[in-house]
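Hi,

Here is the structure I promised to pass on to you. Have it open while you read, and I'll walk you through what turned up.

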Amino acid sequence: MAEGNNSRRLTIADVAQEAGVSSSTVSRTLSGKVPVNDDTKKRVLAAIKKLGFTPNAMARSLRNKSTQTIGLVLPDLRNPFFSEIAWGVENESLKQGYNVLLCNTANSKQKELSYARVLAEKRMDGVVFAASGDNKEAVQFLTNLQIPMILIDRYIPDMGVDIVMSNNESGCRMAMEYLANLGHREIGMITGNPTLITIRQRSSAYYDFIKENGLPSNDKWIVFGCESFDDGYNAGLRVLSTINRPTAIIAGSDLIAVGVMSAARELQLRVPQDVSIVGYDDVPLSRLSNPPLTTIRQPISDMGKVAVRLLVQKIRGTRKKQTSMVLPVELIVRGSTCPPS
């Protein structure tokens, strides 16, 4: 039987003939939704193994109206923050019985929209989406198709979409309070894209703290638009070369912070004796830097796991209410900070 079917794709009818049962019995056995007696089930499974039969996933998804697949849209997989989110999403998705289709947009709005169309065409059951900016087009495209979706880390206002993120205002204020308690008054900030709600929330907390505590403010100490190690390095050279340079800098990510540390070394400044540096995220890189990086720890993989749990509830119709989940952050003190010399 198996040899006779090598030239064509095996079907449920072939399995039924080999097992001596009806095609509907094979279907019930495969679906697991209707009880099948143990003897019949063993015969069907033995026939499947003997023939090397693989069910047609596409046909099954059309019948069940589900592909058991979740789309994951991320802006930059080179950033270890998003790699950690991907790990959390994939790990939880597999536990929930879903596969993950990963899309890296490289911070391109055009690629975002292109991937949104691909995910719709491939009939994703739902999507976890981290936007590259405040562009609504791709998110609006998916919501118009009523595809269940969770925004992660990066909130787009007025979209009516669930969001999972960390407490950005609290994180930046923690860093500012810690540095101020060490005695720092001249504190700079080198951070990301100002169109992102996460960056706006952190910068707002930064400016509020400066104002509330009467600390000096200098536009030359503040740089927006940084995403990578190189961005942090170049911005660090500019900020730390100013005549009245800051004694401490808060970075928008650990990756940016390590770039700033490299710039400090090139300028023959000691970290932390000449300049204290605080990162953001607490990715493994922060523990491996020299000196190890003081940082704000985000529950990165937990964000991915929570996003999947909320999305699966939405897919299965067990949750209708819109949800905004804000997870707490934590200050991790290491060797890149000390009182100003």
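Let's begin in the middle of a sheet: strand β3 pairs with strand β4 (residues 149–152) in the parallel sense, over three bridges. To find that pairing on your screen, look for V127, whose bridge partner in β4 is M149. Before you go further, keep in mind that this is a predicted model.

**The first sheet**

β3 has another neighbour too. Strand β1 (residues 69–74) runs parallel to β3, and four bridges join them. Here the pair to look for is I70 with its bridge partner in β3, G126.

Is β3 covered or open on its two faces? Both faces are covered: G126 and V128 are buried on one side, and V127 and F129 are buried on the other.

β1 tells a similar story. T69, G71 and V73 sit on one side and I70, L72 and L74 on the other, and all of these are buried. That is six buried residues out of six, so β1 is largely enclosed by the rest of the structure.

β1 also pairs with strand β2 (residues 99–104), again running parallel, through six bridges. I70 turns up here as well, standing opposite V100 in β2. If you wonder what holds such neighbours together, strands of a sheet pair through backbone hydrogen bonds, either parallel or antiparallel.

Now for the whole sheet. Which order do its six strands follow? They go β2-β1-β3-β4-β5-β11, the pairing is parallel, and the sheet is open. β2 and β11 (324–327) are the edge strands; each has a single partner strand, so one side of each is left without a neighbour in the sheet. From one strand to the next, the twist averages 15°.

Over at the β11 edge, strand β5 (residues 162–166) pairs with β11 in the parallel sense over four bridges. V164 and M325 in β11 stand opposite each other there. Helix α13 (residues 300–315) packs on this sheet and touches β1, β3, β4, β5 and β11. The direction of α13 makes about 160° with that of β4.

**Two helix pairs**

α13 has a helix partner as well. Its axis and that of helix α5 (residues 80–96) come within 7 Å and cross at roughly 40°. Angles under 35 degrees would count as roughly parallel, so α5 is oblique to α13. The crossing is right-handed.

Plenty of residues take part. On the α5 side they include F81, I85, W87 and V89, and among those they meet in α13 are I300, M303, V308 and V312. By class, the contact of α5 with α13 has eight nonpolar, six polar and four charged residues.

The other pair is helix α6 (residues 109–121) with helix α7 (residues 137–144). Their axes come within 8 Å and cross at roughly 20°. Since that is under 35 degrees, α6 is roughly parallel to α7. This crossing is right-handed. From α6, the contact uses E112, L113, A116, R117 and A120; from α7, it uses E137, A138, F141 and L142. Sorted by class, the residues of this contact are six nonpolar, no polar and three charged.

**The second sheet**

There is also an open sheet of six strands in the order β7-β6-β8-β9-β10-β12, and its pairing is mixed. The edges are β7 (222–223) and β12 (330–332); each has a single partner strand, so one side of each lacks a neighbour in the sheet. Within this sheet, strand β6 (residues 187–190) runs parallel to strand β8 (residues 248–251), with four bridges joining them. G188 has I249 as its bridge partner in β8.

Helix α9 (residues 197–212) lies across β6, β7 and β9 (276–281), running at about 170° to β6. Click on Q201, which is in α9. Is Q201 buried or exposed? Its relative accessible area is 16%, so Q201 counts as buried, the cut-off being under 20%. Leaving out residues up to four places away in sequence, Q201 touches M165, N168 and E169.

If you want a place to start, colour the two sheets separately and then add the helices one by one.

Cheers

Notes: Residues are numbered from 1 along each chain as its sequence is written. This is a predicted model: local features need pLDDT of at least 70, side-chain atom pairs count only at pLDDT 80 or more; totals for chains, interfaces and linings use all residues. Side-chain values use heavy atoms; hydrogens and water are left out. Axes are lines fitted to C-alpha atoms, for helices over the stretch in contact, and angles run from 0 to 180 degrees between N-to-C directions. Angles under 35 degrees count as roughly parallel, over 145 as roughly antiparallel, 65 to 115 as roughly perpendicular and the rest as oblique. A crossing is left-handed if the near helix is turned anticlockwise from the far one by less than a right angle, and right-handed if clockwise. Contact means heavy atoms within 4.5 Å. Ala, Val, Leu, Ile, Met, Phe, Trp, Tyr, Cys and Pro count as nonpolar, Asp, Glu, Lys and Arg as charged, and the others, Gly among them, as polar. Two strands pair if DSSP finds at least two bridges between them. Buried means under 20% relative accessible area, exposed over 50%, partly exposed in between (1.4 Å probe, protein chains only).
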